Every structure is written in structure tokens, then in C-alpha cells.
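Here is a walk through the fold, written for someone who would rather be at the bench. Have the model open as you read.

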Amino acid sequence: MPLSRSLSMTSLTGVLPAWEEDELPVEDLLLFEVSWEVTNKVGGIYTVIQTKAKITVDEWGDNYYMMGPYFEHNFKTQVESCEPPNPAIRKAMDALIHNGCQVHFGRWLIEGSPYVILFDIGSAAWNLDRWKGDLWDTCNIGLPFHDREANDSLILGSLIAWFFKELTDHLGDKPNVISHFHEWQAGPGLILSRSRKIPMATVFTTHATLLGRYLCAGNTDFYNNLDKFNIDKEAGERQIYHRYCLERAAVHCAHVFTTVSQITAVEANHMLHRKPDVVTPNGLNVKKFSAMHEFQNLHSTNKAQIQEFIRGHFYGHLDFNLDKTLIFFIAGRYEFSNKGADIFLESLSRLNYLLRVHRNDVTVVVFFIMPAKTNNFNVESLKGQAVRKQLWDTAHAVKEKFGKKLYDALLKGQIPDLNNILDRDDFTIMKRAIYATQRHSLPPVTTHNMLDDSADPILSNIRRVGLFNSRNDRVKVVFHPEFLSSTSPLLPMDYEDFVRGCNLGVFPSYYEPWGYTPGECTVMGIPSVTTNLSGFGCFMEEHVSDPAAYGIYIVDRRFRSAEESCNQLTQFMFSFCQQSRRQRIIQRNRTERLSDLLDWRYLGRFYIHARHLALSRAFPDKFKMDPMAPLKDKMPLWCRS
């Protein structure tokens with residue numbers, strides 16, 4: 001059955017669940033969202049809470065607050081200090097402050113400008129031993145002294161539970177409180193609040209199970225052995241048993257437990273022994289352009305900027321046509337096997353072979369954007385950009401001179417003699433510029449000096465597959481072991497601009513509870529490769545009948561061997577290389593149409609449902625809900641298989 005050519009806003013109402021429940025009386029409620037990453041960027045959870053803030057503030061107004069740890073630099077650069085609008089919150093903060101614990105309040109300067117309450121962990125660290133005793137007395141979980149992250153999470157959790165106790169004592173029966181905790185670092189606050197019987201509804205979201213991430217990083221056949229792991233033994237061997245206990249206790253203490261994808265729901269059921277009540281997919285704030293050609297123009301502009309970097313990086317070996325060069329990239333945390341960098345490199349080696357055998361005139365430049373330990377840019381990379389700039393300045397100077405002489409000749413009604421329009425000095429300058437581009441070494445595969453070059457997984461595998469950027473290679477590799485920044489002297493681009501300039505994002509992850517990177521590509525109209533082991537890939541498989549037609553290529557890593565998955569990825573990339581420019585433009589238009597599926601305006605309703613469910617369980621006399629009738633089974637034509 002052919003796919004419809006466009007996705008309308010109304011067509012999405014059947015893709016996502018439609019709940020027939022009354023709206024929450026937000027004026028009689030207070031919503032708190034607790035995370036270690038409030039104003040503190042560590043990983044993907046920061047993106048979740050930051051992008052979701054606007055729709056939550058639009059719904060809850062001044063009754064919505066975020067809570068997290070206080071870091072002075074983050075507070076000074078991201079938060080505008082102000083007074084709490086609710087006197088009960090001011091009193092609860094004062095109770096902690098008068099006991100020697102510093103609490104800061106303000107507006108987080110992001111879209112939506114939500115209120116934030118930040119707790120200074122250092123100011124309360126003197127209570128750590130007492131609070132460790134409280135945790136042990138409450139649930140028999142002990143924390144080792146050397147695990148600073150776990151100890152800090154306990155201090156934060158103890159401060160938050162203390163705050164909620166003071167707050168609910170001042171509020172009385174109204175308004176009711178909902179608190180939503182993200183990840184194990186926020187777990188102690190939930191465990192202590194519930195053990196002290198603080199009257200509030202609680203939601204706990206795991207974005208990835210602790211043990212799942214550790215097991216997958218160790219090259220374990222994770223998904224085929226979920227029911228076979230001895231969970232306690234595995235956690236103990238990895239010295240994370242105390243963290244695992246905090247995570248599992250939080251999961252079982254919460255009124256409502258949610259995960260970000262169906263694949264993580266299966267994992268959580270085995271690892272944490274509780275089936276999630278609601279799956280809450282991660283969204284983005286989608287900014288639609290008024291005209292379709294606008295995002296295509298952005299692609300062209302940003303690609304030109306990346307091509308300038310390529311000209312400098314590959315100077316002396318620039319024997320490929322940049323107009324027939326495709327730019328692929330992989331980005332994210334440096335988890336070599338979890339993020340699929342292992343099969344990506346192997347597939348690139350095979351793609352290189354196919355392009356050479358078929359004498360294809362397409363060249364693929366692949367960027368690895370993964371932060372690793374470095375000590376600085378390497379000299380060869382900086383020299384390349386300097387040579388490129390020198391060549392540009394030389395060409396510009398000669399062009400100005402040439403243009404002026406040509407203009408003067410035409411004004412006199414003469415056709416200039418091209419042999420005389422440039423003098424000997426001009427030719428000398430141009431020859432010197434050409435000689436400056438001579439290079440006796442291959443272009444570097446990495447832009448920085450790596451601290452542990454010989455043991456680095458990406459560089460080791462580049463050596464194994466032999467992708468050294470030689471002239472014969474049709475696949476060129478650039479490893480940029482640092483997050484992108486517009487202030488970089490090497491590749492001065494922000495991540496969003498860089499993504500817009502690429503042709504394909506490749507994210508063949510083995511362990512990816514959601515996967516924001518392919519989602520960001522989709523919103524920007526850039527095709528991407530993902531897998532059926534990522535939450536994003538499963539979401540697209542479920543809601544789009546032919547994802548590849550919309551520029552979402554899904555590699556099967558769950559039911560195929562690594563060899564078969566590698567061949568499938570190679571074939572996806574090779575077929576992409578065979579597309580014409582016109583076909584790629586049409587595909588980008590189709591990819592961008594899927595962005596509505598990832599908009600928080602639609603995916604935010606899963607969070608609304610989770611809060612309503614938590615209230616009905618915490619306060620059954622006040623909030624009633626039929627848990628058996630939340631979904632309508634309507635699917636529009638375009639997403640039926």
C-alpha cells in the first residue's frame with residue numbers, strides 16, 4: 001500500500017494514545033521534577049527535562065518546579081535568582097537554611113523559564129554519616145565511603161525529603177504534591193520520602209537501567225539472556241550493588257514507574273523486577289519552518305562550512321570531488337560497543353571496498369564526534385586549516401587584481417589579453433601557494449592528540465580495518481574527540497548546525513534506551529540509521545509502516561548476528577551512496593515530515609497520564625481513574641503496515 005505524501009497534524013491523533021480523562025486541576029496541585037541534571041548537563045536526561053520544560057510550564061504555570069544539585073558556575077550562568085511565588089516553598093527552604101543547609105531558588109534561563117530549587121550538597125555534607133545511618137535503618141542499603149556519586153546522591157535525596165516534609169506540613173491537605181524523580185541519583189529522595197510517609201504522589205522514571213548499561217558495555221549478549229542473569233551477583237562483581245539497590249528500591253517505592261521506551265520496559269522488568277506502568281517516550285521542541293525550502297537552504301549553508309573544514313584537513317590529498325562527497329557522522333558518549341561504533345567501523349571498511357570495486361565516484365567523509373581524553377589539537381590539523389586559509393587569501397588577492405584589470409579593459413571597450421592580465425609576480429604567488437599544499441604524510445584520522453593513542457578503541461579499530469585516508473580510499477575518517485563548539489579554531493560549528501550540514505547520521509547502537517541523536521536528525525530533516533535495540537528505532541517501527549522511505553533506516557541487531565547486522569548496515573549506506581542529489585532532497589523532505597511524531601506537544605501526554613495515575617494511587621478518595629480504559633486503538637492509514 002503506498003504511503004501518503006504528507007503527514008498532517010490531525011493524522012497524528014491516532015498514532016499516539018488519546019486519553020478520555022478529565023484534565024488535572026493544576027491550580028490545586030504542585031508538581032516537582034527531581035533530577036541530577038537540572039541546570040547540570042551530564043547526558044541525555046538534561047535534554048529531556050530541558051526540552052520538556054516549555055510544555056510543562058504552559059500547562060502548570062507557577063505550580064511547576066524543578067529540583068537538583070547546586071553548582072556555583074551553573075547557577076551563575078544559567079539561573080536568574082528570584083523569590084519563590086509560593087510562601088510555603090519559602091518557609092520550607094528557610095527551615096533547611098536555618099539548619100545550615102544552603103538552598104537556592106530562581107528561574108532556569110531556558111525556553112519556558114521554569115522555577116528551580118537547587119540544594120548545595122557541600123553545605124550539607126557534614127550530615128552524611130547520620131544520613132547514611134538513616135538510609136540503613138530505613139531499607140538496609142549501605143553506601144561505601146569511596147563512591148562519591150552515590151554519597152552525593154544520598155545528600156541530595158536527604159535534603160529533598162526534608163524539604164518535602166517541611167512543605168507538606170505547611171501546605172496541609174491542599175494543594176496536593178506530585179513529585180517526579182529521574183534516574184537512580186534522584187532515588188534516595190523518593191525512598192526517604194515514602195519511608196517517612198510524606199503525603200504526595202510519586203513517579204519514578206528510569207532512562208536506562210544501571211546494570212543494563214554495565215552489562216552491555218562488557219560485550220554481553222544482553223537481550224538474549226535477560227532471564228538468565230543473576231542480578232545480585234552481576235551487580236556485586238561490578239561493584240555497583242549499592243547503586244543497584246537504590247535504583248530498585250526507588251522503582252518499587254514509586255506510585256508509578258515509567259521508562260522511556262518499550263525495549264527499556266522489557267529490560268526493566270527483568271533487571272528491576274517491576275513492569276513499567278507507563279512508557280514515556282522522549283520528545284523535542286519542534287520548530288517548523290513556514291516554507292519547506294528553508295531547512296534545505298540551511299542544509300546547503302552548513303554543508304558548505306563543513307566542506308571548508310574538509311578542504312583544510314585533506315589538503316594535498318584533495319583529489320576527490322566535494323560536490324560528489326557525502327558526509328556521514330556518529331555522535332554521543334564514548335561507549336564504543338554500546339553506541340555501535342564497532343560495527344560502524346567494520347561496515348565502513350566494507351563500504352570502502354564496495355565503492356572501490358564498483359568504481360563509484362562518490363566519496364564518503366565520516367565524522368566521529370565522541371569526547372575522549374586529549375591534551376590539545378594536533379599540529380597537522382591546525383596546519384591544514386592555516387594552509388586552507390592562506391590559499392583562500394592568495395586566491396582572493398589575485399581575484400581582486402584580476403577583476404580590476406578586467407573591469408578597466410571592458411570599460412575601454414577591449415577584450416583583455418588573458419596572458420597579460422596577470423603578471424609574473426601573480427604566477428609566482430600562486431605557485432608558492434600550490435607548493436605549500438604539498439604533503440608527505442596522509443591526512444590525520446584524528447583532530448586531537450589522544451592521551452592514550454595505542455589503547456583507544458576507535459583508533460585501534462581504524463588501524464585494524466586500514467582506513468588511513470589514503471588516496472585510494474573512498475571512505476575517509478575524521479575522529480573529533482571533543483564536543484563541537486562555534487568557538488573552536490578547527491571546526492567552528494555548533495552541534496545543531498553540524499547535523500544540518502551532514503547527509504546521514506549513523507547510530508547503530510546495541511544499548512540505547514531512547515536515542516536522541518537520530519531524533520534530532522529527524523527533526524532537522526536529516527536521514528539517519530538506528531537499530532531495533534534503541535527506543536527511537538522501536539518507536540518508529542511501531543508508528544511508521546516503511547521507515548526507510550522516510551529516511552529512518554533500522555538495522556536489526558536483536559534477531560540477527562553481528563555479521564548479518566554489519567552487512568545490513570553496509571547495504572544501507574551503499575544504497576544511500578547510490579542515490580542522486582534529487583533523491584536525497586526528496587528524502588530529506590519526507591524525513592522532516594516525521595518531526596511531528598517527536599514533538600513534546602504530543603509525547604507530553606504520556607507524562608500527563610503518569611501523573612494522573614500517580615494521583616489516583618496516592619489519593620484515591622480525591623482522584624479517580626479507570627486504569628483499564630486509557631487507550632483508543634486508532635491508527636491512521638499512513639502508519640498501518
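## Cysteines, sheets and cores

Cys139 has a relative accessibility of 25%, so this residue counts as partly exposed. Please keep in mind as you read that the model is predicted. Where do the cysteines stand on disulfides? The structure holds zero of them. For Cys139, the nearest cysteine sulfur belongs to Cys253 and is 7.4 Å away, and Cys139 takes part in no disulfide. Cys101 counts as buried because its relative accessibility is 0%.

Next, the overall layout. The domain assignment splits the protein chain into domain 1 (18-279), domain 2 (293-377 + 444-597) and domain 3 (379-440). The centres of domain 1 and domain 2, taken over C-alpha atoms, are separated by 34 Å. The two domains also touch: 24 residues of domain 1 are in contact with 16 residues of domain 2.

Now to the sheets. One is an open sheet of nine strands with mixed pairing, in the order 3-4-5-2-1-6-7-8-9. Its edges are strand 3 (79-81) and strand 9 (278-279), each of which pairs on one side only. Within this sheet, strand 1 (residues 29-34) and strand 2 (residues 64-69) run parallel and are joined by four bridges. If you look at Val34, you will find that its bridge partner in strand 2 is Met67.

Two helices are worth finding here. Helix 6 (residues 148-171) lies across strand 1, strand 2, strand 5 (115-119) and strand 6 (176-182), and runs at about 170° to strand 6. Helix 11 (residues 262-271) packs on the sheet too, where it touches strand 8 (256-259) and strand 9, with its direction at about 125° to that of strand 8.

Six strands form another open sheet, with parallel pairing and the order 14-11-10-15-16-17. Strand 14 (475-480) and strand 17 (552-555) are the edge strands, each pairing on one side only. From one strand to the next, the twist averages 25°.

Strand 10 (residues 325-331) deserves a visit of its own. Seven bridges join it to strand 11 (residues 363-369), and the two run parallel. Two of the bridge pairs are listed here.

| Residue in strand 10 | Bridge partner in strand 11 |
|---|---|
| Leu326 | Val364 |
| Ala331 | Ile369 |

Why is strand 10 described as largely enclosed by the rest of the structure? Seven of its seven residues are buried, so the surrounding structure largely encloses the strand. Thr325, Ile327, Phe329 and Ala331 point one way, while Leu326, Phe328 and Ile330 point the other way, and all are buried.

Finally, the nonpolar cores. The largest has 74 residues, and the members that touch the most others are Phe32, Ile117, Phe119, Phe163, Phe164, Leu167 and Phe222. Helix 6 gives the largest share of this core, 12 residues. Domain 1 (18-279) and domain 2 (293-377 + 444-597) both contribute residues, so the core lies between them.

Phe119 is a good residue to zoom in on. Leaving aside neighbours within four places in sequence, its contacts include Met67, Gly68, Pro69 and Tyr70, and also Leu156, Leu159, Ile160 and Phe163. Apart from the largest core lies another one of 62 residues, among them Val366, Leu459, Leu504 and Leu569.

Technical notes: Residues are numbered from 1 along each chain as its sequence is written. This is a predicted model: local features need pLDDT of at least 70, side-chain atom pairs count only at pLDDT 80 or more; totals for chains, interfaces and linings use all residues. Side-chain values use heavy atoms; hydrogens and water are left out. A disulfide is a pair of cysteine sulfur atoms within 2.5 Å. Buried means under 20% relative accessible area, exposed over 50%, partly exposed in between (1.4 Å probe, protein chains only). Two strands pair if DSSP finds at least two bridges between them. Axes are lines fitted to C-alpha atoms, for helices over the stretch in contact, and angles run from 0 to 180 degrees between N-to-C directions. Contact means heavy atoms within 4.5 Å. A nonpolar core is a set of buried Ala, Val, Leu, Ile, Met, Phe, Trp, Tyr and Cys residues joined through side-chain atoms within 4.5 Å. Domain bounds come from an automatic or database domain assignment.
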